[in-house]
Amino acid sequence: MTLPRTASAVIIGGGVVGCSIAYHLAGRGVRDVLVLERETVGSGTTSKAAGGIRAQFPTETEIRFSLEAIAVFERFEDEFGVDPGYKKIGYLFLVSDPADLRGFETRIALQRRLGVDVRVIAPDDAKKLVPALRVDDLVAAVWGPNDGLAGPAEVTNGFARRARERGARLVEAVRVTTIERAGDRVTGVGTTDGTVSTPLVINAAGPVAATVARLAGVEVPVQPRRRHIFYTEPFPEIPGPIPLTTDRASGFYFRKELEQILFSPGDVEDIGTDFEVPMDWSRLDEAVDKAVHRVPVLETAKIAGGWAGLRPLTPDDHAIIGWAPGVEGFFLAVGFGGHGFQHSPATGRHVADWIVDGKPSMDLSLFDPARFATGRADAHDKGPDAE
Ligand SMILES: Cc1cc2nc3c(=O)[nH]c(=O)nc-3n(C[C@H](O)[C@H](O)[C@H](O)COP(=O)(O)OP(=O)(O)OC[C@H]3O[C@@H](n4cnc5c(N)ncnc54)[C@H](O)[C@@H]3O)c2cc1C
């Protein structure tokens, strides 16, 4: 597709976040929305996600995002004509530290008040859900039966397809290289295929968000951190379905993908700022040690492969959504860490409402881009690092 020379809004990044924003903006009647993607739609960190979806978040804002998103995943096929592979397998957190359990109990009280079905269960009850677990060193488990998973590629394609049908243009293989300003106002973007005039630029560049923000002279504390996922050959010794299960003590988590077991050591590592994420196979030993401790039968599983991806983390593990301070017309939807996929339906809707209505449709101060400068970022519970 030829690159248009003007747009009412340019979204930088055709990941699940950028595509959801395009779909919702076009749905609110914004014409000439343009998504610029330097590679192909959905090929960024969205393609590395484990697909997990949970309502077990530590803040009211994020829980509301989850509940809205879960409702969208439930009706996704009707609305988008794409089967997202949504399954309510549940999320199970295995807890061995009493202090950690107290943190969960505080969060559970809030989650339940907002209508989330989540409960503390005994280790033996966790073993009923996943018989292969070792539970003798646990104090409890936390069970959210309505959590689940879906396919990031399917969801991104659903947003992209309907966004196009609503008139948005999604252009691949075009990289934004500059953000043009007249004084404090955004006026356009420069790209590898020429310039585009626009009064509104939305940064949805995932792990590259800080680099893209710098093009407009804005600093955002989004740090891409590497995480590995490995998978086994078909492993009938653990029959499905089982919940996405996280061992809080080690960070190890696993779930089934068809007949295979998908698992992560829960690693968090600084590694570059771009998409060429090298695999570190020594992480496999760590992952297997953690796996065999918690699920001894996995000792007999054969490893079939793995991948590494970048999670765009922020210092307080909450996303950054809002107008960039000091630059008119520059909006940020970045820093989604390990939950950008699952929150993408709500993110797109709220960003579109904010831009079209001139104010957000609910209190989004949790995500305020200015919170790091004012010190308010530390005030919120980070919650478990679950994906
Ligand atoms: C191992 C792993 C497991 C995860 N598991 C989960 C999970 O279970 N559940 C969950 O919700 N989330 C999970 N995540 C997190 C999730 O993948 C991200 O939060 C989410 O995909 C972010 O989406 P995005 O659209 O912001 O980023 P991206 O998908 O990275 O999209 C940004 C796009 O911007 C493009 N871009 C960058 N710079 C430019 C430029 N200058 N010009 C044009 N285009 C540009 C990139 O090519 C990219 O396609 C996981 C992540 C990892 C790494």
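**Fold, domains and selected residues of the predicted model**

Thr232 is buried, with a relative accessible area of 1%. In this predicted model, Thr232 belongs to strand β13. Apart from residues up to four places away in sequence, the contacts of Thr232 are with Gln260, Ile261, Phe263, Ala301, Lys302, Ile303 and Ala304. Burial is assigned to Thr232 because its value of 1% falls under the limit of 20% relative accessible area. Between the C-alpha atoms of Thr232 and Glu39 there is a separation of 29 Å, the two residues being 193 positions apart along the chain.

The chain as a whole may be described next. Its secondary structure consists of 9 helices and 20 strands. The C-alpha trace extends over about 65 × 40 × 40 Å along the principal axes of the chain. For a chain of 387 residues, a compact globule would be expected to have a radius of gyration near 21 Å, and the value of 21 Å found for the protein chain agrees with this. Of the 387 residues, 56% count as buried. The exposed surface of the protein chain comes to about 15,200 Å², and carbon and sulfur atoms contribute 50% of that area. Among contacts in the chain with a separation of 6 or more, 76% are accounted for by residues 24 or more positions apart. The chain carries 43 positive and 53 negative charges, and the mean positions of these two sets are 3 Å apart.

Two domains are assigned to the protein chain. Domain 1 comprises residues 9-49, 152-222 and 316-379, whereas domain 2 comprises residues 91-145 and 223-311. The C-alpha centres of domain 1 and domain 2 are separated by 30 Å. Contact between the domains involves 12 residues of domain 1 and 12 residues of domain 2.

Ala140 offers another example of a buried strand residue. Ala140 lies in strand β6, which covers residues 140-144. With a relative accessible area of 3%, Ala140 is buried. When residues up to four places away in sequence are set aside, Ala140 touches Phe93, Leu94, Val95, Leu101, Val120, Ile121 and Pro123. Ala140 and Glu165 are 25 residues apart along the chain, and their C-alpha atoms are separated by 48 Å.

Two helical residues were also examined. Ser20 is located in helix α1, formed by residues 16-27. The relative accessible area of Ser20 is 0%, and Ser20 is therefore buried. Beyond its neighbours within four places in sequence, Ser20 is in contact with Phe159, Ser344, Pro345 and Gly348. Thr374, by contrast in its accessibility, counts as exposed at 52%. This assignment follows because the value for Thr374 is over the 50% limit for exposed residues. Thr374 is placed in helix α9, residues 371-374. The C-alpha atoms of Thr374 and Thr347 are 24 Å apart in space, with the two positions 27 residues apart in sequence numbering.

Several loops contain backbone features of note. A cis peptide bond connects Gly240 with Pro241, and its omega angle is about -5°. Pro241 is situated in the loop that runs between β13 (223-232) and β14 (244-247).

Positive phi angles occur at two residues that are not glycine. Leu258 has a phi of about 50°, and Asp317 has a phi of about 65°. Leu258 is found in the loop between β15 (253-257) and β16 (260-264). Asp317 occupies the loop between β18 (303-313) and β19 (320-323). In accessibility, Leu258 counts as exposed, at 75%. Asp317 has a relative accessibility of 23% and so counts as partly exposed, because that class lies between the limits of 20% and 50%.

Definitions and conventions. Residues numbered from 1 in each chain as written. Predicted model: local features only at pLDDT ≥ 70, side-chain atom pairs only at ≥ 80, totals over all residues. Heavy atoms only, no water. Helix = DSSP H or I, 4+ residues; strand = E, 2+ residues; numbered from the N terminus. Rg over C-alpha atoms; globule rule 2.2 N^0.38 Å. Buried < 20%, exposed > 50% of the residue type's maximum accessible area, 1.4 Å probe, protein only. Contact = heavy atoms within 4.5 Å. Areas by Shrake-Rupley, 256 points an atom, 1.4 Å probe, with all protein chains shown as cover. Lys, Arg positive; Asp, Glu negative; His and termini not counted. Charge placed at Lys NZ, Arg CZ, Asp CG, Glu CD. Domains from an automatic or database assignment.
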